[in-house]
Structures are given as C-alpha cells and as structure tokens.
Amino acid sequence: MADNALMRMLEESQAALEERLGGFRPEVALVLGSGLGPLAERIEDVVAVPFAEVPHMKASTASSHVGRFVAGMLGGKRVLCMQGRLHGYEGNTAQEVAYPIWLMSRFGAATLITTNAAGAVNEGYAVGDFCIMADHINFTGRNPVAGAEPDGIANRFFSMYEAYDPALRAMGMQIGRELGLPVHEGVYLGLLGPSFETAAEIRAFRGWGADTVAMSVCEEVIAARHVGMRVLGMSLVTNMACGVEGADPDDEEVLEVASQREADFCRLIQELLARL
Ligand code: HPA
C-alpha cells in the first residue's frame with residue numbers, strides 16, 4: 001500500500017463513511033446530475049450522509065445539487081448514490097471532483113452510473129431526449145490522475161479505450177427501445193464551465209464529433225476507469241447547445257426540463273439497475 005497523503009485521506013473518509021453506513025456494501029455507484037437528484041428519493045432503506053460530514057470531502061455549492069451520499073436499494077441493487085456532484089467550476093481541483101468516485105469504489109462498487117444534464121450539439125437530438133455516452137472528449141484541460149499521488153491508487157497509464165462499457169451501453173439502448181423513450185448513443189464533450197459555450201465553440205465541437213456538451217462527468221469517468229470500474233454515462237438533453245437552432249441556453253431552462261423529464265429518467269435508471 002502506497003504511503004501518500006491522498007491514500008491516507010481516502011482511508012479516513014472511508015472509515016468515517018463506513019461508520020455511518022453500517023457495513024453497507026454497494027454494488028453500484030450512482031451520480032445524479034443537475035436537476036436529476038429526485039431519483040434519490042426513490043431509494044429504499046436510506047442512509048443519507050451530507051458530503052460536508054465526510055472528512056476530506058468538498059461540499060457541493062451548486063444550486064440543485066443536494067450534496068450528500070444516499071445509500072440503499074434501488075432497482076433491486078445496493079446503490080451508493082451521490083445526490084449532487086462536485087464540479088470543477090465550483091473551484092474544485094480535478095482530484096477533488098474525482099475523490100468521491102475513488103471513495104465509492106473503495107466500498108466495493110464495481111459499476112459507476114453517472115448522469116448529467118447536457119446541451120445537444122447534434123442537430124438531430126431534441127430537448128427531453130436521453131443520450132447514453134458512447135465515448136467522451138475531455139475538454140476540461142484537466143485530469144484527476146495527473147500529479148504524484150494517484151499513482152499510489154493504481155497505475156496512472158491506463159487505457160481509456162471503450163471507457164464506457166459496451167455491454168452497459170447496449171443494455172441502455174435496449175431499455176430505451178422497450179420503454180419507448182428517445183434514447184441516443186453519442187459522444188459527450190465535457191468542459192470546465194461555468195459559462196456556457198459560444199456558438200463558434202459548439203460548431204467546432206460538432207466538427208470534432210461531439211453530440212452533447214456539459215460541465216461534468218469526464219473527470220469522474222477517468223477516475224472510475226483508473227480503478228477499473230465499469231462505467232455507464234447518461235445525459236438528459238435539457239437544451240440545444242448555444243447557437244443550435246438559435247439556442248441561447250440558461251440554467252433555469254436546464255432545471256425546468258430536468259424536472260419535466262424526471263419520471264422517464266427514473267424509469268430508465270431503475271430498469272438499468274434491475275438488469276445489471
Ligand atoms: N452547455 C454546457 N453545460 C450544460 C448545457 C450546455 O448547453 N446544458 C446543460 N449543461
């Protein structure tokens with residue numbers, strides 16, 4: 001076991017959270033993005049622990065992100081859920097954003113399902129559609145594994161080939177078809193934010209092959225792959241990205257659409273969990 005500060009912090013966080021969770025061993029780690037937190041209300045036998053009560057965890061400052069761990073049963077699986085996440089745009093380092101992912105993996109969660117609200121770069125998508133991440137373009141300019149210490153957790157030179165598990169993606173698409181929901185599979189581009197993109201940026205991103213864009217996920221997924229978790233990423237398209245069909249997105253629209261599509265989002269995630 002490597003002797004480094006990050007490792008010691010994770011051990012302390014784990015010990016404190018373990019005490020609160022009372023021996024709970026999650027199968028799945030679930031991150032609920034902007035406006036998608038209400039899914040946590042459906043978790044049964046809940047133990048909830050605010051991020052701020054876990055040593056070394058940063059608190060969530062984003063409105064609409066409750067900022068707590070919720071442990072319990074959902075879709076027949078033991079899940080450890082982040083009701084709200086940490087973002088780079090809140091001033092967190094990439095490592096701070098990734099920290100809870102490493103922490104959840106230490107509880108035995110072998111699968112990460114991470115969700116967010118995103119803008120559609122792809123003109124064929126519509127507001128209210130879902131998009132399973134086929135791959136990502138990390139345009140945050142940051143990587144949580146950069147730095148001396150994450151090498152003590154696992155090898156830093158790991159592959160990001162098929163980082164988003166092909167079998168989980170296929171399962172998500174299948175469930176979408178069965179439930180009659182508009183679910184795409186596309187490339188997600190993540191940025192630091194917090195300003196929305198310019199129309200010129202969105203045009204450039206389309207040329208790179210991006211289908212959706214938002215301000216989260218990439219750093220979490222890199223951390224999850226670093227420790228060998230299987231990953232599924234899913235966005236709710238809350239808006240067309242800047243300039244697409246003349247769109248001029250704002251955060252109110254994002255939260256409004258998320259609340260309108262909450263029921264279908266919950267159905268998708270619960271069914272996914274049931275089939276894992
Ligand atoms: N851009 C960036 N982040 C977002 C968007 C967007 O259009 N929609 C939701 N989150």
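This passage describes the ligand site, the pocket and cavity, and two backbone features of a predicted model. Residues are numbered from 1 along each chain as its sequence is written, and side-chain values use heavy atoms, with hydrogens and water left out. Because the model is predicted, local features need pLDDT of at least 70 and side-chain atom pairs count only at pLDDT 80 or more, while totals for chains, interfaces and linings use all residues.

A good place to start is the ligand. Its shell (residues with a heavy atom within 4 Å of it) is made up of Ala117, Ala118, Gly119, Phe196, Glu197, Val213, Ala214, Met215, Thr238, Asn239 and Val254. By class, this shell holds 7 nonpolar, 3 polar and 1 charged residues; here Ala, Val, Leu, Ile, Met, Phe, Trp, Tyr, Cys and Pro count as nonpolar, Asp, Glu, Lys and Arg as charged, and the others, Gly among them, as polar.

Polar contacts to the ligand (pairs of N or O atoms within 3.5 Å) involve both side chains and backbone. A polar side-chain atom of Asn239 lies 2.7 Å from a ligand nitrogen, and one of Glu197 is 2.8 Å from a nitrogen atom of the ligand. At Ala117 a polar backbone atom takes part, at 3.3 Å from a ligand nitrogen. Of the 260 Å² of accessible area that the ligand has on its own, the protein covers 95% (Shrake-Rupley method, 1.4 Å probe).

Turning to secondary structure (DSSP runs numbered from the N terminus, with helices being H or I of at least four residues and strands E of at least two), two or more shell residues come from each of strand 5 (111-120), strand 8 (212-214) and strand 9 (230-240). Strand 5 gives the largest share, 3 residues.

The ligand sits in the largest pocket, in the sense that more than half of its atoms lie within 2 Å of the pocket's grid points. On a 1 Å grid over the protein atoms alone, a pocket is an open set of points with protein on both sides within 12 Å along at least five of seven lines, a cavity is a set where a 1.4 Å probe fits but cannot get out, and lining residues have an atom within 4 Å of a point. Volumes are the space filled by probe spheres set on the points, which are joined across faces, edges and corners.

The volume of the largest pocket is about 440 Å³. Its lining numbers 26 residues, with Ser34, Tyr89, Phe196, Met215 and Val254 nearest the centre. Strand 5, strand 8, strand 9 and helix 6 (251-260) each give two or more residues to this lining, and strand 5 provides the largest share, 4 residues. The lining comprises 13 nonpolar, 10 polar and 3 charged residues.

The structure also holds 1 cavity of 30 Å³ or more. The largest cavity encloses about 30 Å³ and is lined by Gly88, Thr140, Leu191, Leu192, Met215, Ser216, Val217 and Glu219. This lining divides into 4 nonpolar, 3 polar and 1 charged.

Two backbone features complete the picture. The peptide bond from Gly193 to Pro194 is cis, with omega near 0 degrees, and Pro194 belongs to the loop between strand 7 (183-190) and helix 4 (199-208). Asp45, in strand 2 (residues 44-50), has a positive phi of about 55 degrees although it is not a glycine.

Technical notes: A polar contact is a pair of N or O atoms within 3.5 Å; within protein, one must be able to donate a hydrogen and the other to accept it, and residues adjacent in sequence count only if both atoms are side-chain atoms.
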